[in-house]
Amino acid sequence: EVLVLEDKLPEVPKLLNVAVNGTASASSVGWNGVPSRLIDGNVGPYWSSQSCYHSKNTGNNEVSIALPGWEAGVKYPVTAVNVYNRGDTCCDQRIDQATLYVDDVQCGQIKFSEGKTKYTFNCEGAEGSKVTLKHSGQYINICE
């Protein structure tokens, strides 16, 4: 018998970002702000950082991330979702009133706050295979 003992175990993160291995899609794309920027790991809040998704102003916009395994029906308990807003003062307010869903469960609605680029939603373990941000009457500009 062989035992390997370690008194200092590696720290395991409490939350795991499963979105990074998902598939991003959107109802529209404007100014070459492709949906893959939503899961590229770059949270730079300015358009010049080429990290932001941009929709067209079609009236009803949505952007989604299908989580890994969605095609096989895999569902994840979603504890929290971070949405990184665009920081350019021309456009940062556009995110106001956008609504976040895990599948069909609403996790929250963004209340715009000047200068704030990160909005965190507690989804309380809602089970789902897709995370979606919906917005009516305005562009969607988010940077992760």
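Start with the whole protein chain in cartoon view: this predicted model has zero helices and nine strands. Follow the chain from its N terminus and you will read β-β-β-β-β-β-β-β-β.

Next, switch to the C-alpha trace and turn it along its principal axes, where the span is about 65 × 30 × 25 Å. If you draw contacts between residues with a separation of 6 or more, 70% of them join residues 24 or more positions apart.

Now show the surface. The accessible area of the protein chain is about 8,600 Å², and carbon and sulfur atoms hold 50% of it. Of the 144 residues, 41% count as buried. Colour the charges too: there are 12 positive and 16 negative ones, and their mean positions lie 8 Å apart.

For the last stop, select Asn-85. Where is Asn-85 found? Look in the loop that links strand 4 (76–84) to strand 5 (99–102). Is Asn-85 buried or exposed? Its relative accessibility is 1%, so Asn-85 counts as buried, the cut-off being under 20%.

Keep Asn-85 selected and display its side chain, which reaches the backbone oxygen of Asp-92 at 2.9 Å. Then bring up the residues that Asn-85 touches, leaving aside those up to four places away in sequence. Asp-92 appears again here, together with Ile-95, and you will also find Pro-45. Further along the chain, pick out Phe-112, Lys-116, Thr-117 and Tyr-119, and finish with Asn-141 and Cys-143.

Conventions. Residues numbered from 1 in each chain as written. Predicted model: local features only at pLDDT ≥ 70, side-chain atom pairs only at ≥ 80, totals over all residues. Heavy atoms only, no water. Helix = DSSP H or I, 4+ residues; strand = E, 2+ residues; numbered from the N terminus. Buried < 20%, exposed > 50% of the residue type's maximum accessible area, 1.4 Å probe, protein only. Contact = heavy atoms within 4.5 Å. Areas by Shrake-Rupley, 256 points an atom, 1.4 Å probe, with all protein chains shown as cover. Lys, Arg positive; Asp, Glu negative; His and termini not counted. Charge placed at Lys NZ, Arg CZ, Asp CG, Glu CD. Polar contact = N/O pair within 3.5 Å; in protein donor to acceptor, adjacent residues only side chain to side chain.
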